Amino acid sequence: MENYKERILIVEDEVLIAYSIDKMLQPNFATEMAHDFEEAKILLTHQQFDFVLIDIMLSGSKTGIDLAHFINENNSIPFIFTTALTDLETLKRVTSVAPSAYLSKPVEYANLLTAITLALQN
């Protein structure tokens, strides 16, 4: 019997980064990928996830922060932001949606695994 793995949705519009993160998480988690707000919203509406990893800047008109609002209103599951943006204004916008963590890119495996594990435990 296979052990239960938490299901993680990776929301990242840069394909190489998405696959890199997916590869990091595969040994420990069951993963699914979305590349924009709309795709993530559909997956979150029709599937069960334990956690979401969100890039702040997504292709299209909606951002990762918009997705965080959707999650807070509809799913109530933990999420972490990944971003190359580390300015104070972005940090203020991010804190308004109460993420479990905020990781700057490039994301390191140990930091990512630790942040996800802590978010799932809390």
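Which residues have the most contacts inside the largest nonpolar core? They are Leu9, Leu44, Val52, Leu67 and Phe81, and the core they belong to has 22 residues. The model is predicted. Besides its nonpolar cores, the structure contains two salt bridges.

**Nonpolar cores**

- In soluble globular proteins, nonpolar side chains tend to be buried together.
- Five elements each supply at least two residues of the largest core: strand S1, helix H2 (37-46), strand S3, helix H3 (64-74) and strand S4 (79-83).
- Helix H3 gives the most to this core, namely five residues.
- A second core, separate from the largest one, has 17 residues, among them Met24, Ile80, Leu112 and Ala119.
- Beyond its neighbours within four places in sequence, Leu9 is in contact with several residues, including Met33, Ala40, Leu44, Phe49 and Val52.

**Salt bridges**

- Side chains of opposite charge can pair when their charged atoms come close.
- Lys105 forms a salt bridge with Glu12, and their closest N and O atoms are 2.8 Å apart.
- This pair links distant parts of the chain, 93 residues apart: Lys105 lies in the loop between strand S5 (101-104) and helix H5 (109-121), and Glu12 lies in the loop between strand S1 (7-11) and helix H1 (15-25).
- Lys105 also forms a salt bridge with Asp55, where the closest N and O atoms are 3.2 Å apart.
- Asp55 is in strand S3 (residues 51-55), 50 residues apart from Lys105 in the chain.
- Glu12, Asp55 and Lys105 are thus linked in a network of salt bridges.

**Burial of the charged residues**

- Both Lys105 and Glu12 are buried.
- Asp55 counts as buried because its relative accessibility is 3%, and buried means under 20%.

Key:
Residues numbered from 1 in each chain as written. Predicted model: local features only at pLDDT ≥ 70, side-chain atom pairs only at ≥ 80, totals over all residues. Heavy atoms only, no water. Salt bridge = Lys/Arg side-chain N within 4 Å of Asp/Glu carboxyl O. Helix = DSSP H or I, 4+ residues; strand = E, 2+ residues; numbered from the N terminus. Buried < 20%, exposed > 50% of the residue type's maximum accessible area, 1.4 Å probe, protein only. Core = buried A, V, L, I, M, F, W, Y, C linked by side-chain atoms within 4.5 Å. Contact = heavy atoms within 4.5 Å.
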